[in-house]
Amino acid sequence: MKTYHLHGTPNLKWWQTAVFYQIYPRSFQDSTGDGIGDLQGIINRLDYLVDLGVNAIWISPIFPSPMADFGYDVADYCDIHPMFGDLATFDRLLAEAHARSLKIILDFVPNHSSNQHPWFLESRTSRDNAKRDWYIWRDAKPDGSPPNNWISMFGGPAWTWDATTGQYYLHSFLPEQPDLNWRNPDVVDAMHNALRFWLQRGVDGFRVDAILCLIKHDSFQDNPPVEPGTYWEAWGHILEPRYTVNQPEMFEHVRLMRRVFDEFADRVHIGETSTEDVTGLLPYYGRPLDGYDIPFNFKLLHANWHAATVRQIIEDYYDILPAGGWPNFVFGNHDIHRFATRYGYQNHRSVAMLLLTLWGIPTLYYGDELGLEDVFIPLAQRVDPWGIKMPEADFGRDPERTPMQWDSSPNAGFTSGQPWLPVANDYQQRNVASQLADAHSTLNFYKTLIQLRRSRPALHNGAFTFVDGLGDDLLAYRREADGQRLLVCLNFGDQARTIDLSHLTSRAATLLSTHFTQQSGTTFMLQPHESILLQLG
Ligand code: NOJ
C-alpha cells in the first residue's frame, strides 16, 4: 500500500482547497437576447454557483475580439467585448462574486493576439514599423514557399503570406491569431502590464493559454514527422513540434509572469500545459515552485476508462510531484468532448466521484454537473474553426460548447433569442430546474459531493493511500486526516462487485453513492459502474 502524505504546509492557500468551475461565457447565460452569453448573465447565475458549492470561477476570454477563435484572438487585452458587457459590468461581477466568497479567474492569451489588434495592424504596415518586431516575420524561401515546414495547431501551414510587406508571419493557431514575439522585451512589458491591469482591478488569478507555444527555437529548423502512437499524434499532428513548443526559454517566461502575480497577494497562477508524459509537468511547477501554482494536469483526458490505467496515471503523477507542489486534475474543458460522452454516460458520476475525492484541485466544466453529453452538430452548422478545418477528424469543439440547460422553457432558459449554438434536444428533461427537484439527480449528486469535499479535511487535505486487492475493475483509496477515515471505491466494470473491508474497519457506512445506495457493515455491494464514498469506523 502506498500512502502519499501531503507535502504542503498546514497553512494551505485558498486555491489548494478550492473547487474550480470553468464558464464558457458565450454559452452560460444570455441576458440581452442576442443568443450569446454575457457577464450580466453570469451575475444572474452566481447564486446557482454558490448553491453548487464551487469556490472559484474561471471564465474563458471576454476581451474585445473578432471571435475568429471565439475570444482566443484578443484585439485589446485591457477591455471587455461589448457583446459580454463593459468594464463597469465586469467590476460588478467581481464585486458580486467576492460578496459571495467566489473568486474570479480570467483567461490570459499571451502567445498570440488577434490580427485585428492595433499592434498587429501597425506591425504589418511596413518592415521598419516600430511594432514590426512585435510579431514573427520571415522571408519566403527562394521558391516563394514558407520559411519552414511548421504547421498550425489547427492544421495547415503556420505561416501566412502578407503581400503588403512581402514576408510571412507566424501563427501557431489560425492566421487570424499571429504569434507575438516574446523575444522582444517591449512585448514582455506590454503583456505584463496587461496582467497588472486586471490584477489591480481585483481578479484572483489567470489561467494562461497555450503557453507551450510562447517561444520558438531560434534556428527555425523544420519539425520532424510525428512518431506513430505518440501524444502529438493523438492531438492530430503530422509533425512533432520539436522546435515550436516547450522551449527552455518559455519556462523562463512562466517564471517572469509568476513574479507579476507575486506583486499582488493571494492570486493564483494557472497554466494550460501540454506534455507528452507526466514528468513534463515538473518544469511548469518550476524549480523551486516558481512557475504555475496549478499547471493543468490533462493526463486523464485521453485515458481509457479502466481501473488499472486510471490508477497508474494517478500514481505516476503523485510520484513525480515536486516537494510542496500541489496536484490537480482536469477531466473536461471547452477543447475536448464531454466526459459523459468520452467515458460513457454510465460512468459520468464516477468521473465526478474520482475528481472530487482525489488529492488535488478539481476543475469542473460548466454543465458537467448535469451530466451533459456532446451535442451532435452537423458540418453545415459547425462554427468552431478547428472543427471546420479538420472535418475528417473528430476535432470539432462545438459539441462540448452548447448552451447551459437551465430549465424547460424555450432554449433551456439560456436565451430569449436565437442561441449561437444549438441547445441539446434533451433540455426539457435534463436541466438545472428538473435536477434540483430530483433528489437523485446528477446535480444533487455533485452538490452533496462538493459539500462533502469542502467540509471534510480528509477529502481536500488528507493523506492518500491506494487500497489494492479488493477485486477486478475496482479502484479504491483511503483519504485520512484528523482521525477521519474515508474510503472511495469505483467500479469501472459492468459486473456487480462485492468488497470485503473487514481488514480495514469494523464498520463502515455510505456517505454517498453514484447510485444513491445506502449500506453499512464491512461488506459492500457495488452495482455495475457504481462508485461509493464510505466513512470508515
Ligand atoms: C487553447 C484554448 O483552450 C483553445 O480554445 C484555443 O483555441 C487555443 N488555446 C488557442 O488560443
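The following exercises, each with a worked solution, concern a predicted model of a single protein chain.

**Exercise 1. Overall form**

Task: Determine whether the radius of gyration of the chain agrees or disagrees with that of a compact globule.

Solution: Begin with the length, which is 537 residues. For a compact globule of that length, a radius of gyration near 24 Å would be expected. The chain has 24 Å, so the value agrees with the expectation. Next, consider the extent along the principal axes: the C-alpha trace spans about 80 × 50 × 45 Å. Finally, turn to the secondary structure, which comprises 15 helices and 20 strands.

**Exercise 2. Burial, surface and charge**

Task: State what percentage of the residues in the chain is buried, and describe the exposed area and the charges.

Solution: Buried residues form 62% of the 537 residues. The area exposed by the chain is about 19400 Å², and 50% of it is supplied by carbon and sulfur atoms. As for charge, the chain carries 43 positive and 64 negative charges, and the mean positions of these two sets lie 4 Å apart. To complete the description, take the contacts with a sequence separation of 6 or more: residues 24 or more positions apart account for 68% of them.

**Exercise 3. The nonpolar cores**

Task: Identify which residues of the largest nonpolar core touch the most other members, and trace the contacts of F90.

Solution: The largest nonpolar core holds 156 residues, of which F20, Y21 and F90 touch the most other members. Helix α5 (residues 185-201) contributes eight residues, the largest share of this core. Another core lies apart from it; this one has 15 residues, including L474, L501, A508 and L526. For F90, set aside the neighbours within four places in sequence; the contacts are then L39, I62, I80, I104, L106, W198, R201 and V203.

**Exercise 4. Backbone exceptions**

Task: Locate the cis peptide bond between R287 and P288, and decide whether D473 and H529, two residues with positive phi, are buried or partly exposed.

Solution: Start from the general expectation: most peptide bonds are trans, and a negative phi is found in most residues other than glycine. The bond joining R287 and P288 is cis, with omega about -10°. P288 belongs to the loop between α8 (282-285) and β10 (294-295).

Now take the two residues in turn. D473 has phi near 65° and sits in the loop between β13 (463-466) and β14 (474-481). Its relative accessible area is 35%, which falls between the 20% and 50% cut-offs, so D473 is partly exposed. H529 also has a positive phi, about 65°, and is placed in the loop between β19 (523-526) and β20 (531-536). With a relative accessible area of 13%, which is under 20%, H529 is buried.

**Exercise 5. Two sites compared**

Task: Classify D316 and H117 as buried, exposed or partly exposed, and describe the surroundings of each.

Solution: D316 lies in helix α9 (residues 307-320). Because its relative accessible area is 32%, D316 is partly exposed. D316 and V278 are separated by 38 residues in sequence, yet their C-alpha atoms are 7.1 Å apart in space.

H117 is located in the loop between β4 (103-108) and α4 (118-123). Its relative accessibility is 5%, and H117 therefore counts as buried. Once neighbours within four places in sequence are left aside, H117 is in contact with V74, A75, D76, Y77 and Y135.

Definitions and conventions: Residues numbered from 1 in each chain as written. Predicted model: local features only at pLDDT ≥ 70, side-chain atom pairs only at ≥ 80, totals over all residues. Heavy atoms only, no water. Core = buried A, V, L, I, M, F, W, Y, C linked by side-chain atoms within 4.5 Å. Buried < 20%, exposed > 50% of the residue type's maximum accessible area, 1.4 Å probe, protein only. Helix = DSSP H or I, 4+ residues; strand = E, 2+ residues; numbered from the N terminus. Contact = heavy atoms within 4.5 Å. Rg over C-alpha atoms; globule rule 2.2 N^0.38 Å. Areas by Shrake-Rupley, 256 points an atom, 1.4 Å probe, with all protein chains shown as cover. Lys, Arg positive; Asp, Glu negative; His and termini not counted. Charge placed at Lys NZ, Arg CZ, Asp CG, Glu CD.
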